[in-house]
Structure formats: structure tokens, C-alpha cells
Amino acid sequence: MLLRHTPDTVAERTALTINPAKTCQPIGAMYAALGINRCLPHSHGSQGCCAYHRSTLTRHYKEPVMAGTSSFTEGSSVFGGQANLLQAINNIFAIYEPEVIAVHTTCLSETIGDDITQIIAKAREENKIPKGKYVIHANTPSYVGSHVTGFANMVKGMVDYFAAADGRKENRINIIPGYVEPADMEEIKRIASDMGISTIMFPDTSNVLNGPQTGRYAMFPAGGVTVADLIRTGGSMGTVALGRLASGLAARTLDAKCKVPCEILDLPIGLMATDRFIDTLRQIAGVSVPDSLNIERGRLLDVMTDMHQYFFGRTAALAGDPDQLISLTEFLVSVDMWPIHIVTGTPGKKFESRIKEITKEVPHPVNVKATGDLFLLHQWIKNEPVDLLIGNTYMKYIARDEDIPLVRFGFPILDRIGHIYFPTIGYRGGLRLLEKILDALLDRQDRDAPEESFELVM
Amino acid sequence: MLLRHTPDTVAERTALTINPAKTCQPIGAMYAALGINRCLPHSHGSQGCCAYHRSTLTRHYKEPVMAGTSSFTEGSSVFGGQANLLQAINNIFAIYEPEVIAVHTTCLSETIGDDITQIIAKAREENKIPKGKYVIHANTPSYVGSHVTGFANMVKGMVDYFAAADGRKENRINIIPGYVEPADMEEIKRIASDMGISTIMFPDTSNVLNGPQTGRYAMFPAGGVTVADLIRTGGSMGTVALGRLASGLAARTLDAKCKVPCEILDLPIGLMATDRFIDTLRQIAGVSVPDSLNIERGRLLDVMTDMHQYFFGRTAALAGDPDQLISLTEFLVSVDMWPIHIVTGTPGKKFESRIKEITKEVPHPVNVKATGDLFLLHQWIKNEPVDLLIGNTYMKYIARDEDIPLVRFGFPILDRIGHIYFPTIGYRGGLRLLEKILDALLDRQDRDAPEESFELVM
Amino acid sequence: MSEVLDTISPKPSALQPMAVKKELLERYPTKVARKRARQIIINEVGPDCSVPEIQSNVRTIPGIITQRGCTYAGCKGVVLGPTRDIVNITHGPIGCGFYSWLTRRNQTKPNGPTDHNFMTYCFSTDMQDEQIIFGGEKKLRQAIQEAYDILKPKAIAIFSTCPVGLIGDDVHAVAREMKEKLGINVFAFSCEGYKGVSQSAGHHIANNGIFTHVVGLDDTVSEGKFKINLLGEYNIGGDAFEIERLFKDCGLTLISTFSGNSSYDYFTNSHTADLNLIMCHRSINYVAEMMETKFGIPWIKINFIGASATAKSLRKIAAYFEDAELAARVEEVIAREMPAVEEVRAEVKTRCAGKRAMLFVGGSRAHHYQELFREIGMEIVSAGYEFAHRDDYEGRRVLPNIKVDADSRNIEELHVEPDPNRYKVRISPEQIDRLEKTGLRLKDYDGMMAEMPNGTLVIDDISQFETEKLIEIFRPDIVCAGIKEKYAIQKSGTPMKQLHSYDTGGPYAAFKGAINFYREIDRMVNSKVWKYLKAPWQEHPELAATYVWE
Amino acid sequence: MSEVLDTISPKPSALQPMAVKKELLERYPTKVARKRARQIIINEVGPDCSVPEIQSNVRTIPGIITQRGCTYAGCKGVVLGPTRDIVNITHGPIGCGFYSWLTRRNQTKPNGPTDHNFMTYCFSTDMQDEQIIFGGEKKLRQAIQEAYDILKPKAIAIFSTCPVGLIGDDVHAVAREMKEKLGINVFAFSCEGYKGVSQSAGHHIANNGIFTHVVGLDDTVSEGKFKINLLGEYNIGGDAFEIERLFKDCGLTLISTFSGNSSYDYFTNSHTADLNLIMCHRSINYVAEMMETKFGIPWIKINFIGASATAKSLRKIAAYFEDAELAARVEEVIAREMPAVEEVRAEVKTRCAGKRAMLFVGGSRAHHYQELFREIGMEIVSAGYEFAHRDDYEGRRVLPNIKVDADSRNIEELHVEPDPNRYKVRISPEQIDRLEKTGLRLKDYDGMMAEMPNGTLVIDDISQFETEKLIEIFRPDIVCAGIKEKYAIQKSGTPMKQLHSYDTGGPYAAFKGAINFYREIDRMVNSKVWKYLKAPWQEHPELAATYVWE
């Protein structure tokens, strides 16, 4: 057994996290920053943070992930990291020529108390920031929240530094896509574009972290929201923010700063959440939903109805980020599946009650924990086995030990490639999720069926 | 064992087909006819043919498949089916109100020798065909060729009955997509549309056999090529026919009938075949390939390079239709896989030599047979096991007996749903195929790895 | 029921069967309407259980989109298909063999790893134009030889497809020749698709062939006090396994099943049983009749679909054998099985009662499954068979009055006589009398209509058009039919259960099967997924003049 | 080589190392350029194997995109990570524990199903702002207690992350306290990420800790004539398994590996070995030195990467023990293994000879893997380490001249003295002399540069910018580095092999490993997939004025 020391008996733990279902803020900030065109994320802390984040993002995307680091030494830890950051800004603009440096802090610099706003001001004073270039930042202490918080903070940073209002409102909607994959961001843009709506989406990691092989490496790929567009977000008629945790903060900040009102919605994973997203866009923009989207919706619903017998009553254990889990749980419940064990590592008060609400008609007790970990999830599974696991690659250890099929979803996925290219968001994404779930369940049925009930038609 | 009687020793068979890798012409004709807007396919023969074809197509698409039948009795078999067909035409137009009835023959009516052209003429004489409505036909004797031949013949029938030339040529290209899935046809249209090319694609089963669930059933869904467009094919500047076997005949017929020149290409499965398709479109239409397609290409190539270690030297056994197998084999060889056992049931002289040519650098003997069957394929596999099977649902019996992973591809797929919605054609389709292949190979690696070499990162 | 469907009640006309019938017919051309009018019947059960006449087992009109298949399908697909150890070679072009390959979910369980099981294989002569022109006997002969060389089966059966009859191949001569040459049983069926008007002709041909060539070849008498054959049970989704389990628990000895989980050897020996039980009257009564004539085995109609029907059927068997111990064991088994059934039934009924179903399928299931729906309080608003005859609708009492038309006359009626050596009387005239007094009539079947409420529509060989209309009119909560009908029905927002193949469910037979079915119907008619048919913008398409931001 | 790359030959400047160096430096700000100039060295091997000085183990300049990680990574990730039965608790926010969870492909094979194996687990105190403000000792203490309660391990190790030092948690005091309380070994590492200039500081801290708290706890002397420890072999992709197999076949007794497929028990007992073999000089020489001082165990540098290197290393070991039987067995093993190696080598060489490689990785692999490339005829155009010191480049002869800077001085140098009871002389001065005469020097390592051709570029702590430039200039056929570098290199159309984790390959050690590596490089540099970089319209963008239909 790969996880041979995980006992059935759940003992309460107050201090020890085992097999976390989250990671720390800075990686989320780095990911978000990669969604700005010609932006180099910068990690203000020890080299190791930057190396770890780059490695993990690289393994997840199988793509180059570039970022600078302030390379703290013991000295910087004592005297503060200002000198390091000033030097870094100077070097980065000279060597790599980004348009933006997006600094995020680390537990180290936060514990020290470096004032990044002041350091950036100093850099500007010292002419270390060339004309037309930008340094922005977000405070992302690793000991608060999780990678999702870091993402949210960096997106807020984009608003803080760029969004500007001159009183005029243009017929355009801002979309904050949430902590989702590049392919999802692309899909969100496509949906809005199919509806004929003018949008600015930020951040936008499509064509940054799912870029083509061309034989030519470019440190700054074509993708990402431009600075010009980030500035213009302050003049949009409204903001649709997807995922309360990842996107709500920036949306509210933009409202406060530039009086751009916002709707904060669930991530459009599954039929109903996508319905709400599209209906909101429709109403805000005053457009009709085009046939193309109605057809996509109908196709998803077709699979939900045609294959209902395979979904009904199948139990699932889920781990992931709160925004994703909320919509995913709703989606599973909508096809009459029973998600019965759900953990996220990301703390937050509303998560558990929201999940309880969504699963209230599930005819089975539901375990949910916001500050859970995969060790706890595994213990729950040992006590009440499930038909399916949905979560990141670390779940494969549970999957193998307990002989339960796994649908890979969330972050990080280190051992497969589909998440890089195919959205799980929107109706098409829903189709993909259902295909994956069906493949997992049916492969298992094929494997376990006695010969006499091995099915040709399913 | 599910196929417990399949011996290792290959004995030559000249009369007995066991576990066919093809089926008969009429089903291909029925499928093609469903790609005409408001068309009811009609099976001129016994009821059973129609029932079987409808059932098989329904199981493959999980969608309604409607078609009429001449409901031959013993009497019709003696006296000919003219009366039945006339009555059928009359009833169909009265009850179901299609715009087109597309008649295909069966082994029965072909053996009897019914002259459909004459019967249709008679129906018109007798005013059984309302004004503005059409009856077309194709001869599809089941004892010649295979379902692919039937598809090709019905597509030719569309040209025979509809294509018209008035001497003028419009700046528009006909595309004959080949015997591919609705999702593939949609993808072919999207590619052409992204290139800014005006096209008429026929047949077009998208939004016919992958339609939405709307709560309202319509016998004639929105999809399909319109009659008006079929007529206009004669005035297009050229035809690009994909798949020599499925599309070549219609393309050449259109050239002969209306002087519309044609390029007959391989199905655009995989990088190279898609390159050729797009480059041909580009040159014919005199357009540039847009960035969007270059990016898709680069993404596919990215997976080919990044994941090469998993493809290299992996052996595969394939069964399917010749047009598909040719491109699929080329694709597998292009990622350094070794397809070593290949059968199609569809007879044809060029298939074996083409496959031999494509696989000539594969450092392993390659078995290929055009008039093969799955029994033979299984025997080859028993003698030389492979890492992967690619083929239709019937291959799952081999997969289970021999404990080899199966990627479902081709016709029919009766036990999964992905093929209905996601293309395998074009660069995006190539990505999907590689994802499927990787999932299959990596799932197997995960399953079989000793605990100490169970991999987190792959 | 889902919200969307709740708002769509049946049309008012649904309450007036004549109006419904009129609506079904009004678009048809006159000739079609006239014919269909005789096949669409408003049920009315008379005091003596008499019911109206329904035209059935007649040709489908060309151009009508029908549920029906062909003779080959009925012969090879239905009756012979479920037997694991006969090599079934389709003689014809590749299609017929291909389409009937593993598509019916007949389960089979070989007795061990070396037992023959050819059900996963498809064998065909894959006839080419050369054979159409020059004849296919030579290829057929060679195919049989190859099958024998590779597989060494006990028996090989040949099934003719459409062109075979036309080109004049004598498949029976080839069979005789190869039987002699190979020393195994080889026999052929002239089941060309164009014969008869539906699969039904194929059932008859299959019955004839199996009776002629197989039944009675092995006179070994098995151990067992109560020896029975089960006829017309095809082990879809494991039904027969469930029934076998019950039989075993009751102490009954099952000699053979025609044909589910069946073996050639069982057939050869089936004439040694003392009672034939008929599940599917339509497809198999011929064999029962012939076995009675030749060997003296009586038959009774039983039904293992539905919990009470199952109990009733077991009691009938016990009654037939007039054995107290058997009767006691049967009661024990029923008492053991029923509580679980009752529990689920009661629970499911709370959610399903009052919902409406329609069944259009097969030759017996449209009847048998009404029982299960009734057990959970559901209402059957319409039903009909795909390929049954009048006796299946109206009861065997009408048999003498059925006019044999040209299509039926083409199917051979075997002339059977009592076997001089092996005919054995199983039951005395006195016993027959006794049984009749307790209500157990041998050789009897009352048909479907007698059990249906007055005013319900009984529709033979329903068309696609009529199906759509009926759904529009009745807004049923569930429809039962076959795969070809499934998705058109579901696209209308109505769940559809296949009763040919059960989709992927089962077993539904006997007690545990009833539980499975209750749960399945509960799942289908109460599923969340049908609530989402309309998108929010379809439900509320209006746009606020200006969007109000929260 | 692929067609596309064939057409892109190295720039002419590639032939002039000074020009290359200039190109690498020209975009840098002056201060950066000045510093980097001392870390980018054109190799020149003198007659006495002297090489130019290279600045190394110095700070990376902020803003430079470096390969390097931190002290925690070197301590917890590299050295302690591969030991299966110590519960490694990361004390800090969640990230550090998360990122070092299973990402290094250190394989381990417990001795049985009940043997402890915690390598698949990640343990962290998941420090929250509360602990940052009020201190984390309490939570750490509780975490240790919980780990003990659930897992009952033999030993628990604590790893400090950045904030721990700053907030002043005394992890060592907590460790002592809990050790006492629980009665198992509990020890801590002050390996905060900001210490030192790279992972290298972490290695040193790990060496200190393991030597202080674990080595020497168990004096049991194992059976075996030739007892060795293998140091600095981390069993990436199963390398250690392959070496273990060889040792067994040669009759050597492996007491412990630091740290690959390793167990706490092996460490406690490692001082009973008679020879330490160092694979990765950089990460583990500290332990070897201290074991020699305290217990009298000599060490030699060996290398099991490359077939000849493996043979040479085995012979060195045999030479050390001066045992004829051992020497004979070693020769037997080499003779048994080499033919397969030679066969593949010869085949692969036909396709790989003359191709160009670069290696920028780690503290020993950039040196060791050159051997394998040379064996198949490939040329190393440039190489460098990520975190090595001057002695790893220039050889230990320069040790006395290395200036200890502030960053290194922060890492404790343990003061070790001979153990009064357990120090044992393993080898006499005479024997040392004898061995030296045969060329076997104890405690010696010549470093990488001495084995590299003149004119090649040796680059310490290479930056992303320099990597890109080098590829542009040299157009190498393959580059070896780590995961962060991988896809930027591959996007340039150049295959990239990870030498930290081997991507997913391995083992590459010893003879069978050499075969694996030859095949892997052959696959990579000769793959078809690199031929398709350009679409047809990029190769031939012209459009015919009018398309010519065939």
C-alpha cells in the first residue's frame, strides 16, 4: 500500500496537516501575474519559493514558467529586502524587458515587514523603472489563506495599480475568470464573444500557459491581458466575477475604486452554474443567447439525461479549491450523483455551509471540511468507500490504495495533459467532465463485470 | 475468457469471416443521407435492414435515427419492390413531410434488380413527389464493399441528383468530409471558416446526430446540408475531398458532371494530414493561415514533443476503416509509435500498400490486411502482443482477454459517449487522440507500476 | 415528476379515447388510416373477458416508420442467439451477422473455462457479388469446414439472409452434406428477412428448426422429481439466472431454457421434462405445442415479471405437480422473498403512484411489464405489441378465428405426430379437470387486453408518428419501447426505458428483479435531470431595460 | 538529427569561446556582467591538470532567473527526503512541505508490508498568522505529538522554513523535549530557506544533523567482509537499486546509502562500515569527512554513471580492500555486464556520434553524465553546476584556497573528534601508499573541469538568459537541466533531458543504467517529432497565383 499508515479511525488533529489539499499564496499570485501580457512575476523572498512555484506550475502545464526572485540571503532577512528588490527590478528590466513586473511577497518578506509600495516608489524615484513600464505588487503571506487567496490578491493588485476611471462608461463588461485553467479562460472569452459582448478578461493565462510549440522560444508569449485593457477596466459598465473566493475581492475593489458595479457568480462549471453565468451576461449586455450556446447547452443536457443511469446514486469524494468544489458539487448533484466526502484546504467560513446547502437533498450523510486535508479525506473514504474520486494528482495514491477510479481535476495535475488544452468550464467543459466521469465509471464496470454481464452497449 | 476459442495459430480462411471489421453498404448510405437537411433516408428492402441500421446508428450516437423502409414481403421479393417504394414515397411525404427522401438499396432489392431511377421517375409521373420535394437514390448492394462504400455511393448520389452548373464559378470550395463523425464535420467547417473560406460541406451530419436535448423532438433537426447548397456545389471553384474511399467518388463525379476540379486528400487526422488539408485549402482559396490555427497546430506539436517518451516504441493494433486507418497510422508513426497489426474489413487494393509505405521506417514487422477481421487481428496480437489497441467497441473483448488498454475510435462505439461531441480530426482532434492514448498508456503504467516506481509526475 | 412536465398536463383529448384515435389517424393517407384504424383499438373488457378484435401480425405499410425487424432477426437474433455452444453462421452479406452480434444482452454462463461459448463471436460467409452471381453454396460449405476446423463445435447452424433464397442456394442440402461429412449436427434455417411481416415469422422458423433438428436427440433422463422446461425466457440482463435461482430453491429441476443461458445439450434433452412453462407466448408457443404433440409434455403460461405474477406462477407449477412438499417449498420461497419486495415497493410507490406509462414492445413484455408498473401504483395509458398475433392480445380463445393470410402461410407449419416410442402421458384427464377447477388451465393464455382497463388504447405495430402524437397528447411519465424509439422519446423530455434490452439494467424477473425494476422506474420518473429542459432565458426571456446591479 | 535543426548550424562565434562569453554578457548591467564574468570560464586544462579558477557558491544576483532553490530544499528535499521511515515534519506555512512532496522521484522499497514508509506523506504544521505573531513552538509540539500518536515512528525530523528563524521558534529545544517525552528520536534542522546561497547550504545542514543525531546510535556489527556505505546516491529513478544489485553480485556489503532506498536504521549503524563511497561529492562530503574523523572510515570518490566509470569504480573498491577474491568477482561482474552495454553503445553511437550536448545541473551530475554522452560519441559544448563549490569544478586541491564568505560562514562547521571508543583504523599508512602508487587516492576528487576539453565553456549558476543565448549560439542537439528549464529549451526546438529527476526515466546508473541512457538519448536526439516544427505554409509560404488543380 502506498499510504500504508493511514488508519481508519479519524483522530482529531489541531496542529498537524497531513497531505495538504492546498498550497501557499505566492504560487496563486504567480499564476495570476502570468495572465498579464509581457509580465514577469517576481517572488520577493528566498530563491526556493520561486523555484518551487515555477517547478510546480511547470509540471502542471508542461510549459515554461518564468519568474524573478529577490534571492534573499540571511542578510536580507535581517536588514529587509529593499536592496534586493531594487536590484532585481533594475536587472529584470535591463535583461528581460518585460512590460510589467508583478511582485508578490512571501512568508519571509511578510514576516520581516517589507513595504513593497514604498520600495516600488523608491524604484521609480531612482529611475529603475523605465518609462512605460510598470511594477505592481500584492501582499501574499503564505501563512494566510491558500494559493487561491494569493490569486485573489494578485488580481486585486491589477485593479489597484491599473484600473482607471475618467467618468465615462463604455459598453463593455469586465470578466474575472477565477482561478481556472488557460483553456477555461479561452472558453469564457469564446462564450462572451459568441454572445456578441465586448469584454476585458483579467487575468488571462490562455496562450501563456498552453502555448504552441513553434521552434522559437519567447519569454513573453502572445497571451495575457494587456496593460491598456487593464487600465480600461475602470471604464467598463460592469464586472462579472467568477468564483467568490478567487475573483470577488478584485471585483469589489474595482467597484470601490472606479464605481464599476459587479456580479459575483459561481464558477460556470456544470449546467446550472453555466446557465447563471450566461443569463447574467445576457441581461447585463442586453443580448440574446445565440443558437450556438443553446445547442451546446442541449448537448450537455442530452448526456445528463441519456446517461443518467450511470450517474444516479454514484458516490464521490472530492478535493480541490472552494470555488471549483461548489460548482462541481452542484453539477454532480444535478445528475443525481452523491458527493459524500468533500475537503478543501483553503480556509473559509462559507464553504461548508454552501456545500451542505447544495447537498441537502443527497440521501446520504455528507462529510465536508474547509480546513481538511487528503489524509482526512482518505480516512473518510476508508470508513465509507465511494465509486469515484475527483481531485488532483495526489489523489492517485488514494485511488490506487483503495482501488477507486480517479478523475483528475483541479490543481496540480502532474501526470496527465488534458487539463492544459480542454476546458471544464461552460457547457463544453461540462461535457468533458461527464465524459471523464463516465469513462472512469464504465472502465471500472468493464473491468469488474463477470464475463456473463460484460456489456457491449452502454 | 470472452473470446476463449480464438487460437494462436493463424489458419488461412477463404470463406468464413469471424468478428468482422466492417459492415454493409446501406448503413453508410443511411448515415450519409442523414447529412442532408430535412432528409429521410429510405431503405429499399426488408424491414430488418432498416431496423438494424437505425439501431446501430442509434447506439453509436445515442440520438434518434429515423428512416423509412419499403417493408418487402415474400411477394415483393418475387415481383419486385416497385409497388412498395411508390407507396412508401407517397406515405412518407404525406406523413413526415421531409424535403428529400434518399433511397438506398439493399442486397435484396439489388439481387432482384429493382431499377430505382425508373421507380423514382414513375413516382414523379404519378405525382407522388410533391412540388419542391426530392427523391434521390444510391445503389448500395451489401455484397460489395462495406459501409464505407455505401457512404461513398450515397454522397455520389447527392452529386448525381443535385449538383448543377450554369457555367459560372463562384469563389467557394466544396468540402466532402469523408465518413467521419458529426463533431468532425463541425470541426472541418470551423477550420475553413477560421481561414475565411466560403465552403459548402456535404454531407453534414453535425446538429443531426449530435443534437441538443431541448424537451422538443423534431424529426428533422436543424443540421444537414441544404438542397439549395447541394445544387450550388456545381458552381463552386473546386472540391476538397477528404478520404479517398469515402469521398473520392463523389468528388470525381462532380468534376465529370459540372467541371468542378477536385483535390482528394487523406482524412485530416494527425498533424501531417491536417497540415496537408489546411495547406491545400490555403492554396486553393489564396488565403493566409490564421494565427488561431497555427496556435492549435503548435499545441498539438507541443504534446508530441513533450510526451514523446511515452509514445516512442509503443506498439499498437488497429482496426477500422481504410481512410481513417491511413491517417491514424501516419499520425502514430509521426510520434514514433509502432502500429504493427492493422486490419480493415473494407476491401481495396491500395490500402495494404499505402500502410506498408507509411510504416516502412517502423523497426518492427507490420501485419496489415485489407480484408481482415477482428479474429485475425486478435490472433496476431496473441502472437505478438501490443501496448495499445485502437478501434471500435468490439475490440473491448480482445482488450479484456489480452489485458491491453483500448482507445475507442471508429465505428461503432456503443459504450462511451465522447466520440459524439469531440472531434478527432484537425489539430484539436489530434490533441484529443493523443490525450486518449496517453491516458490509456499512463493509466496502465499507474496500474502496473511496482509501488516503489509509482510516479507522481509523468 | 419534474417541474417542466408538471406544467404540461395531458391534453383534454387524452380523456376521450376516440378523440385520441382520431388525432392519431388524421394525417394519414386514407388507405393507411383505414388499415391503422383496425390496429388502434379502444379496450373494452366484456363480462366474459371478451375484448375487441385487433388486427395484428399483418404487413407494415411501406414508408411507415415501424419498430419491426425481420425474420432473420427473429430466428437468429432472438431464438437461436442466446445459446452459447452452437456456431451460428450467417449466410449472406456481412451486415446481418454484424448487426446481430452481441446486441441483445442475452447473458450466458458457461459451466467452466473449457465449456464452449461462441456467443461473443460473429460468423458470416460475408457473401460477395461473385456468390450472388454464381451461387453461394460452395462458400457456405467451405465456411462450415473452416468453422469446424477452428472451433470443433457440437453443432453448426446456418441462417439464410435475403439474397440466399433468391439466388437459390440450398442451405439445407449443404447442411445435410456437412453434417454427414463432419459428424456433428449441422442444420439450416431459411429465415430470409423478407419472409413474414416481422420477427414473428423468424420465431416460428426457429421453433420448427430447433424442434426438427435438435429436440429429442438425447434421451438421457435426469435426476429430479419436478422436471420442467422454461420457454421464451431469453435471459436479458440476467433474468433467467434469477428464475433459475428460484427454481433451484423450490426444488424444481430445469431441463432446458428456450433460449437463455442455454446450451445445445439442454435442447437435445428437453423432451424428458414433464412440464413446459411459457414466458413469451409469441416467440415460443410453437415448440411447446409440438413437444406436447410429439412427447406428451403439457404447457402452462407463466409470468415471472412482477412479484405477484412470480408468486402466482410458482404456485401454478406446484399445483400442476400436485405435490405437497413442493407446494410448501414454493410458499417458503415466496415468504422469504416477499418482505424485501414489499418494503421497496411501498417506498417507491410513494414517489411513483399516479404516474403514467406507455409500453410498446415485443410480443409479451408490453403485457408482462404492466404488472410491475401497477405494483408501484402507476397507470398504463396505452400499450401494444411490435410483432404479436391476435392471441397475444385477445387470448388464445380467438385462435380458431384467426384468418391465415398469405404472409403467414409462407411459414411452414410442421406436421407433428406423437412419437411412437417416446410419447408419454404426463397428466391424466382427471387431473386436468381437477386443475381447471382450481383455475389452472393448461395451454391457455388470456392475452394482454383482458388485463387492461377499459378505454385504454391498444395499438399494434405502432408507428413513429403515432408514438410522437401519443406523447404529445398524454404527456406520459415514462415510455417503454426499444432502442430505435428511445432517443426520440427522450428528446421530448420523457424518460424512456428499453424493454427489449433493458438498456443496461436487469435482472427484472422474479422477486429481486421486481425490486430492481421498482428502483429503476423510481430513478427515471423522479430524476432531477428532466428539470433542466429550459434555460433561464427560455423560462424568463425578458430583459430588464437596464440591468440592475446588486 | 532533425531536418529543421540540421539547417541551423551553430553560429560561427560558437567556435570562438571568447566571443561566446562576450555575447552572454553583453546585455547585462555592468555589475552583473562583472560578476558573471567570473562564473563563466573558458576551460583550459594545464599539464598538471590545473584548471582556471571559477567563482561558485556565491549569491545569485536578485532578478536573475536562476536554476537554484533554497536551503530547505537541499536539506529536507534532497538529503533527508529519500529516507522512508523518518517522519519529516515541515515547520512553516504549507507551501514548502507541499512542493517537496514526492516531487523528486527518490524510489524506496520497504522490506515488507509492515515496514514503515512515510515517503508518500507530507507532514506540515501549516503555520498560520497566529503562529507568526505568537510563536509556533506550541503548534510544533502538538504536531509532533499527533504524528507520534497516529504513526508511531522511530524518528521524527523537523525542518524549519523561512519565518521560523525570524520569529525565534527554538525547534531544537522542542525536539529535545519531545524526544524525551515520546522516547523516540526527534531532531530538528534550522534549514530556513534564506540561509546560504543555494540548496548547498541545506546539504551541509542536513549532513550535520544526521551526523549529530543519528549516525552511531547502533553499534551492531553486520556480517560481511567488505562493508561499505554509499554516499550521495539518491536513488532517482531506481539508480540505487541497480548499484545495490552490483554490490551484491560483487560480494560487497552495503551498510547504508545516504540517502536512497534508505532507512533510519541503516544510518544509525553506518559507522560500522569500512569504506565510504562518495557519488555526489557536493551534497555529502561533510558526512564522509566527519565519519572519517570520528570513526576512522576512509572515503573514496566513485562514480557509477557511465559504463567505464562504473567498472573503474568497482575496481577501485576492490583495490581498496586488497582482496583477490573480491577483485576476481568484480572482474566477473564487469565481464558479465559489459557485452550488452557494448552492443547497445555501438548501435546507438552510429546515430548519435558528433551530436552536441550541454549540461547545467546539480552538484555532480553535470560532471558524471558527460561520461555517458562521450561513450556514445557525443560532444559536450558547455557544462556547469547549479549549486556546486570550486572543489567540484577544480578539484579538491583548491580547498585550502577557497575563501569562506559570509553566506558560508553562517552554516555551522561541526567540530568533530575521534570517538574514544569507536574510532578504528581501517587502513594503514603503508596501504595508503601502496594504493596511491596504483593511482587510487583516498579523499580525492579532481572535479569536472579537468575532464573537459579546452575551450569549452564552464558556467556556474547559469541564468535563463544565458541558457537561451547558448542554445541560439550552439544549436545543441540536447540540453540537460531541470524541470524549470525544460520547456523553454524544448520550445526552442531542442530536446531537453532532466538530470535531477530524469523526467520519468531511469535507472541510469551502472551498466544497465548506461544502456537505458544510451537508448534514451538516442530516442531524444533522433526523434521524428522535431521535424515538424514548421508547417508547410511556413516552409513554403508562397501562393500560386492561381491554384493548379491536378
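I'll talk through two chain interfaces and one helix pair in this structure.

Quick housekeeping: this is a predicted model, where local features need pLDDT of at least 70 and side-chain atom pairs count only at pLDDT 80 or more, while totals for chains, interfaces and linings use all residues. Side-chain values use heavy atoms, with hydrogens and water left out.

Okay, chains B and C. Here 74 residues of chain B touch 80 residues of chain C, contact being heavy atoms within 4.5 Å. Between them they bury about 6,700 Å², with 63% of that on carbon and sulfur atoms; buried area is the accessible area (1.4 Å probe) that two parts lose on being put together, summed over both. There are 2 salt bridges across this interface, meaning a side-chain nitrogen of Lys or Arg within 4 Å of a carboxyl oxygen of Asp or Glu. One of them pairs C:Asp126 with B:Lys22, at 2.8 Å, N to O.

Now chains A and D. Chain A puts 74 residues in contact with 80 of chain D, and the pair buries about 6,700 Å², 63% of it on carbon and sulfur atoms. The salt bridge count is 2, and D:Asp126 with A:Lys22 is one, at 2.8 Å, N to O.

Last, inside chain C, look at helix H16 (residues 365–375) and helix H22 (residues 510–525); helices are DSSP runs of H or I, at least four residues, numbered from the N terminus. Their axes come within 10 Å and cross at roughly 70 degrees, so H16(C) is roughly perpendicular to H22(C), a label covering 65 to 115 degrees. On the H16(C) side, the residues involved are C:Tyr369, C:Leu372, C:Phe373 and C:Glu375, meeting C:Ala514, C:Phe517, C:Tyr518 and C:Ile521 of H22(C).

Terms used. Residues are numbered from 1 along each chain as its sequence is written. Chains are lettered from A and ligands numbered from 1 in the order in which they are written. Axes are lines fitted to C-alpha atoms, for helices over the stretch in contact, and angles run from 0 to 180 degrees between N-to-C directions. Helices (H or I, at least four residues) and strands (E, at least two) are DSSP runs, numbered from the N terminus. Angles under 35 degrees count as roughly parallel, over 145 as roughly antiparallel, 65 to 115 as roughly perpendicular and the rest as oblique.
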